[in-house]
Amino acid sequence: MAFKKSAIPFAGTPEQEKKLREVISQHKDDPGALMPVLQEAQEIYGYLPIEVQQMIADAMEIPLEKVYGVVTFYAQFSINPKGKYRISVCLGTACYVKGSGDLYDKLQEKLGIAGGEITPDGKFSLDACRCIGACGLAPVLTVNEDVYGRLTPDDIDTILAKYN
């Protein structure tokens, strides 16, 4: 099985590892403990890189393949860190019909990354989401807490320039 590594090197701290080991020891003997351990691990690290998955697998005596399978199955988990600027493009029905797929494609092209990835400098991460409740502004994207609506692909350069 090929495990996916992030473009950004893992930089966990001893404090984070200590917290993770405490979480694992609290849940180790509970049936179904993997999900809560993964959720708390993601809170500690912000994402679940293969190095963290390996620590969990070893400490819980679970095959790494099982841990990786759970992490990659559930959308709540991320194997990539998030950028300083988290871009999320709504691909819900109203936004998609009005061209959000083109916005998403343009962002992938401009940033040189695929959805779910982070730029090598750690500045931008790109994700797709479902309806954010701003259908009247379709198509919509967010950068952290900033919402941009009624967009065309030609607006992407101007938006990205605000964060450079």
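**Close-up 1. What covers the buried residues of helix α4 in this predicted model.** Among the elements lying over the buried residues of α4 are α2 (34-45) and α3 (50-60). Helix α4 itself spans residues 64-73, and its buried residues are Leu-64, Val-67, Tyr-68, Val-70 and Val-71. Look down the axis of α4 and you'll find these buried residues within an arc of 160 degrees, so they line one face of the helix. Does that pattern seem odd for residues scattered along a stretch of sequence? Here's the trick: an α-helix has 3.6 residues a turn, so residues three or four places apart point the same way.

**Close-up 2. His-27 and the residues it touches.** Start by finding helix α1 (residues 14-27), because that's where His-27 lies, and His-27 is buried, with a relative accessible area of 16%. A residue counts as buried when this value is under 20%, so His-27 makes the cut. Which residues does His-27 touch, leaving aside those up to four places away in sequence? They are Ala-33, Pro-36, Val-37 and Glu-40. With Glu-40 there's something extra to spot: the two side chains are joined by a polar contact of 3.0 Å.

**Close-up 3. An open sheet built from 4 strands.** Reading across the sheet, the order is β2-β1-β3-β4, and the pairing is mixed. Why is one side of β2 (124-129) and of β4 (146-148) left without a neighbour in the sheet? Both stand at the edges and each has a single partner strand, so there's nothing of the sheet on the other side. Neighbouring strands here are turned by 20 degrees against each other on average, ignoring direction.

**Close-up 4. Strands β1 and β3 side by side, with helix α6 packed on the sheet.** Strand β1 (residues 85-90) pairs with strand β3 (residues 141-143) in the antiparallel sense, over 3 bridges. To get your bearings, look for Ser-88, which stands opposite Thr-142 in β3. Helix α6 (residues 100-111) packs on the sheet and touches β1, β2 and β3. The direction of α6 makes about 150 degrees with that of β1.

**Close-up 5. Thr-158 in helix α7.** Is Thr-158 buried or exposed? Thr-158 is exposed: its relative accessible area is 51%, and the cut-off for exposed is over 50%. You'll find Thr-158 in helix α7, which covers residues 156-161. Now pick out Ile-8, which is 150 residues away from Thr-158 along the chain. The C-alpha atoms of Thr-158 and Ile-8 are separated by 26 Å.

How values were computed
Residues are numbered from 1 along each chain as its sequence is written. This is a predicted model: local features need pLDDT of at least 70, side-chain atom pairs count only at pLDDT 80 or more; totals for chains, interfaces and linings use all residues. Side-chain values use heavy atoms; hydrogens and water are left out. Helices (H or I, at least four residues) and strands (E, at least two) are DSSP runs, numbered from the N terminus. Buried means under 20% relative accessible area, exposed over 50%, partly exposed in between (1.4 Å probe, protein chains only). The arc is that of the directions from the helix axis to the C-beta atoms. Contact means heavy atoms within 4.5 Å. A polar contact is a pair of N or O atoms within 3.5 Å; within protein, one must be able to donate a hydrogen and the other to accept it, and residues adjacent in sequence count only if both atoms are side-chain atoms. Two strands pair if DSSP finds at least two bridges between them. Axes are lines fitted to C-alpha atoms, for helices over the stretch in contact, and angles run from 0 to 180 degrees between N-to-C directions.
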